[in-house]
Amino acid sequence: MRYITLTDSYAEVTISRSRFMAFAYRVESEEDVMEKLKSLRKTYHDATHVCYAAIWDELGNMSRFSDDGEPSGTAGAPIMEVIKGAGLKKCMVAVVRYFGGVKLGTGGLTRAYSSVSADCIAKSKKVELIMCDIYRCNTDFATFKKLSGTNGISDISYTSDVSFTYACPIGDDITPLIDRTNGKLNYVKNAQSWKQLDTKA
């Protein structure tokens with residue numbers, strides 16, 4: 001099981017004198033979404049609208065969006081469609097609008113919120129996470145050298161031997177690691193957790 005989220009980013013566009021400022025965030029919960037929204041509304045307290053969409057779980061089942069006073073369906077829903085179109089989870093995009101005095105119409109608003117949200121997401125880095133079995137392992141110094149550079153090893157501790165944590169994607173097993181140590185590896189599986197694989201442009 002895996003999902004893709006993003007790093008924080010920002011994009012801005014001015015259309016017919018209206019200023020649209022988009023902010024993308026990685027989020028972990030509904031409370032996280034609300035806190036970020038509260039902070040934006042405090043910072044841009046004089047803005048005409050602060051619209052947003054957010055998905056805060058790994059499956060995409062827990063979500064919310066708001067037009068914040070814009071005509072129904074012209075802001076929050078288009079932002080959500082951009083997020084879903086990018087295949088993202090655990091993220092939110094909020095767009096702060098300062099009205100410039102020229103009405104854009106429902107089609108113009110939808111295009112504006114969609115385009116600035118897409119620009120913001122495009123400027124972020126995408127982060128892939130995968131559910132892993134977490135093992136606590138230990139071996140001797142000479143054997144550990146054979147594991148140098150192995151993806152998934154972290155929390156290394158050097159005492160009379162070498163202890164470390166190893167994250168193994170669910171569906172794989174620890175056998176290849178054991179083989180590389182010629183069986184000189186003590187290990188115990190003690191948890192499951194989401195782990196970052198890599199960051200993509």
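Modeller: A residue is called buried here when its relative accessible area is under 20%, and exposed when it is over 50%; partly exposed lies in between. The model is predicted.

Colleague: Is Thr 143 buried or exposed?

Modeller: Thr 143 sits in helix α4, which covers residues 141–145. Leaving aside residues up to four places away in sequence, Thr 143 touches Thr 181 and Lys 184. Its relative accessible area is 3%, under the 20% limit, so Thr 143 is buried.

Colleague: What is the relative accessible area of Gly 76?

Modeller: Gly 76 belongs to helix α2. Residues up to four places away in sequence aside, Gly 76 is in contact with Tyr 52, Ala 53, Phe 65, Ser 66 and Asp 67. Gly 76 is buried, and its relative accessible area is 0%.

Colleague: How many Å separate the C-alpha atoms of Gly 76 and Leu 40?

Modeller: Along the chain, Gly 76 and Leu 40 are 36 residues apart. Between their C-alpha atoms the separation is 16 Å.

Colleague: What span does helix α3 reach from its first C-alpha to its last?

Modeller: Helix α3 runs over residues 105–123 and has 19 residues. Among its buried residues are Gly 108, Leu 109, Ala 112 and Tyr 113. At 1.5 Å a residue the expected span is 27 Å, and the helix is close to that, reaching 27 Å.

Colleague: At what angle do the axes of α2 and α3 cross?

Modeller: Two packed helices are described by the angle between their axes and the distance between the axes. For α2 (residues 76–85) and α3, the axes come within 8 Å. The crossing is right-handed. Its angle is roughly 35 degrees.

Colleague: How many charged residues are in the contact of α2 with α3?

Modeller: From α2, Pro 78, Ile 79, Val 82 and Ile 83 take part, and they meet Thr 110, Tyr 113, Ser 114, Ser 117, Ala 118 and Ile 121 in α3. By class, the contact has 7 nonpolar and 3 polar residues, while the number of charged residues is none.

Colleague: Which residue forms a salt bridge with Glu 128?

Modeller: The whole structure holds 9 salt bridges. The one at Glu 128 joins distant parts of the chain, with Glu 128 in strand β7 and its partner in strand β1, 126 residues apart. Glu 128 is buried at 12% relative accessible area, whereas the partner, at 49%, counts as partly exposed. The closest N and O atoms are 3.0 Å apart, and the partner is Arg 2.

Colleague: Which helix holds both Asp 32 and Lys 36?

Modeller: Asp 32 and Lys 36 form a salt bridge, their closest N and O atoms being 2.7 Å apart. Asp 32 has 18% relative accessible area and is buried, whereas Lys 36, at 21%, is partly exposed. The two residues are 4 apart, about one turn of the helix, and that helix is α1.

Colleague: Which strand holds Arg 97, the salt-bridge partner of Glu 70?

Modeller: The side chains of Glu 70 and Arg 97 meet at 2.9 Å, N to O. Glu 70 is buried at 8% relative accessibility, and Arg 97 is buried at 4%. Glu 70 lies in the loop between β5 and α2, 27 residues from Arg 97, which is in strand β6.

Colleague: Which residues are linked with Arg 26 in a network of salt bridges?

Modeller: A salt bridge needs a side-chain nitrogen of Lys or Arg within 4 Å of a carboxyl oxygen of Asp or Glu. The residues that share the network with Arg 26 are Glu 28, Glu 58 and Lys 90.

Key
Residues numbered from 1 in each chain as written. Predicted model: local features only at pLDDT ≥ 70, side-chain atom pairs only at ≥ 80, totals over all residues. Heavy atoms only, no water. Expected span 1.5 Å × (residues − 1). Buried < 20%, exposed > 50% of the residue type's maximum accessible area, 1.4 Å probe, protein only. Axes fitted to C-alpha atoms, helices over the stretch in contact; angles between N-to-C directions. Left-handed = near helix turned anticlockwise from the far one by under 90°. Contact = heavy atoms within 4.5 Å. Nonpolar A, V, L, I, M, F, W, Y, C, P; charged D, E, K, R; others polar.
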